[in-house]
Every structure is written in C-alpha cells, then in structure tokens.
Amino acid sequence: MITIKRFLETTKSLLTSPRTLALLAALYAVLLATLYGFISTREATVSQVAITFVFLVLIPIEFFILQAAILHRARTQNFHWPQILRDAIKLAVVTIPIVLLGFLVNYFLNKWQAHHLAPEPLLTLPGARTPPAAQPLHWPTVLFATARLLLLGVALPLAAIHLWIEVAAQEARSSFSGGARTVLQRFGNAFARAFAFDSVLTFALGLIIFVLVPYAILFLGHPPKGNKTDFAIFIARLLLVFLFTLIGWIATLTTLAKLEPPPPVPVSKISEVRVEAAA
C-alpha cells in the first residue's frame, strides 16, 4: 500500500505541474514525430535516404534526452539542460550492454524454441463433412512467449531504468571510478534493487497505465467507419493514448527514482564539511 500510495502521489504531483507536463509532452511529441518520419519516409532518392539516416540518429538522442529530463526533474525539481545532456550521454552508454544482452537472450530463446515447434495443423479437404478438430494448446509456445515477456518486457527494462538512475545521480567520473570491481559492485547493487518488491510493483502499476490502458483505448471498441463523428472519436483516442503513455511513463520513472537511496557523498565533500565544522 505504501508503494501504491507513493505512485499515486507522484502522478498527482505531475498532474498539478502543468509547466513540467507541457515541457515533457513537447519532448515526447518530437520523439513521436521523428519516429513517424522515419517510418513513413520511403527510401527512393538520395535525399530520402539521407533523411532516413538523420531520423535514425535523432531517435535515440531524443529518447535519452527525454529519460534524462524525467530523472533530473525527479531529483532536482528543475530542468538544467547542460546537465540533462550530459546525463543523456551516460544513459546511452549504460544502455548498450542491456540492448546487447536483450539480443543475446532473444537469440538463445529462438534457438531453444526451434527444438519445440508446434505441430502442423491437419490438412482438411474442402467440402469435408466433419469440421477440423481444434488443435490442443501447445505449452512450449506459451512458456516461450511468457519468458520473452518477463525477460524482454519486464526484467531488462527494469534493469536499464535502475542503471539510468544510478549513473544519472552521480557525476561521470564518480560513476565509473574506483576500479572495475567497485563499478561492477555498484551496478550489481542497482540490479538487485531493480528486482526488489517495491520496484517490480511500481513497474507493474506503470505498465497498466502506459501499456494496457492505451491498448484498450486504441484497439477495443468499434473501429471508425469514416464519418466525421468517428474520425473525431479516433483523434480523441489518439490524444488519450498520448497522455496515458506519457503520464504513466513519467510517473513510473519518477517513483522508481525516489525509491533509490541518495548517492554517496564524495570524500572531498566530507572533508570540507569537517573543516568548516572545526572552524
């Protein structure tokens, strides 16, 4: 209940901050527009190929700037853009091994599933009197789909988010200082916090808002038939999907950032405090 209450308080605080919500919505809208431009541009001429490559470069830049802005706002309640740009670079660097791990997990799941393929359905001739028998549930397919959902849709995103929080809360030098053993220990602690109960519950609450609710709004119900009323309803659905995905993701990321312990104070700062106290 404490975790749910914290998540609801974060969402309420976001909804009562129109300036913050408008700024993050603008970043999100730019990201969606770039994605649409990348998908809709046809590679026919040299200029279109160049535009496609430009969009391909801009998409990760805009994505990590949005994540860095959310995390920076969660820590400082403000937007300091030079620091946000530096945080975006750190977020991109620590995401690379997570993406490679995701490709590796998916590769091994595909190789493993190739040995447990579903049986081919029986061939039925046209005009047969007896209807084809229903195929039994193929449990290996269900288990592999569940494993992909849990690993690629929950575990790796949670690990990536907590790595973002870990490196964004510290300076670049302190994030990777102390030797390989210290860095691995710090990142190992971040992985451990990623799969704690509060973290998983927060991410599950966020999934309901930024995945399940937008899916229900967009795909459930009768499709538009082409008249003006249905077209207006479709536009309203798109706006609601935009708001729910944005608000749900911001609330999830902000709540997870607040669950993290504060970063350790550098030794130099502790010495300065001691000197000032002695004086």
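**Helix geometry, salt bridges and the largest pocket**

A kink of about 35° occurs in helix α8, centred on I208. The model is predicted. Helix α8 covers residues 197-219, a run of 23 residues. At 1.5 Å a residue, the helix should span 33 Å. The C-alpha atoms at its ends are 31 Å apart, which agrees with that expectation. Several residues of α8 are buried: S199, T202, F203, L205, G206, F210, P214 and I217. In general, residues three or four places apart in an α-helix point the same way, because there are 3.6 residues a turn.

Salt bridges were searched for across the whole structure, and 3 were found. R75, D87 and K90 are linked in a network. In this network, D87 pairs with R75, with 3.6 Å between the closest N and O atoms. D87 belongs to helix α4 (residues 81-113) and R75 to helix α3 (residues 46-76), so the salt bridge ties together parts that are 12 residues apart in sequence. D87 has a relative accessible area of 0% and is buried. R75 is partly exposed, at 36% relative accessibility.

D87 also forms a salt bridge with K90. Here the closest N and O atoms are 3.3 Å apart. Both residues lie in helix α4. The separation of D87 and K90 is 3 residues, about one turn of the helix. K90 counts as buried because its relative accessibility, 8%, falls under the 20% cut-off.

A further salt bridge joins the side chains of E166 and R193, with an N to O distance of 2.9 Å. This pair links distant parts of the chain, 27 residues apart. E166 sits in helix α5 (residues 139-168), and R193 in helix α7 (residues 179-194). E166 is buried, at 9% relative accessibility. R193, by contrast, is partly exposed, with a relative accessible area of 24%.

Backbone geometry was also examined. Most residues other than glycine have a negative phi. Q77 has a positive phi, near 60°, and is not a glycine. Q77 lies in the loop between α3 and α4. The relative accessible area of Q77 is 47%, and the residue is partly exposed. The helices on either side of this loop are those that hold R75 and D87.

The largest pocket has a volume of about 640 Å³. Its lining comprises 21 residues. The closest of these to the pocket centre are F63, Q67, P157, W164 and W249. Five elements, namely α2 (18-40), α3, α4, α5 and α9 (228-259), each give two or more residues to the lining. Helix α5 provides the largest share, 6 residues. The lining divides into 17 nonpolar and 4 polar residues. No charged residue is present in the lining.

Some helices recur in these results. Helix α5 contributes to the pocket lining and also carries E166 of the salt bridge with R193. Helices α3 and α4 likewise give residues to the lining, and the salt bridge between D87 and R75 ties these two helices together.

Conventions:
Residues are numbered from 1 along each chain as its sequence is written. This is a predicted model: local features need pLDDT of at least 70, side-chain atom pairs count only at pLDDT 80 or more; totals for chains, interfaces and linings use all residues. Side-chain values use heavy atoms; hydrogens and water are left out. Helices (H or I, at least four residues) and strands (E, at least two) are DSSP runs, numbered from the N terminus. The expected span of a helix is 1.5 Å times one less than its number of residues. The bend at a residue is the angle between axes fitted to the seven residues ending there and the seven starting there. Buried means under 20% relative accessible area, exposed over 50%, partly exposed in between (1.4 Å probe, protein chains only). A salt bridge is a side-chain nitrogen of Lys or Arg within 4 Å of a carboxyl oxygen of Asp or Glu. On a 1 Å grid over the protein atoms alone, a cavity is a set of points where a 1.4 Å probe fits but cannot get out, and a pocket is an open set with protein on both sides within 12 Å along at least five of seven lines; lining residues have an atom within 4 Å of a point. Grid points are joined across faces, edges and corners, and a volume is the space filled by probe spheres set on the points. Ala, Val, Leu, Ile, Met, Phe, Trp, Tyr, Cys and Pro count as nonpolar, Asp, Glu, Lys and Arg as charged, and the others, Gly among them, as polar.
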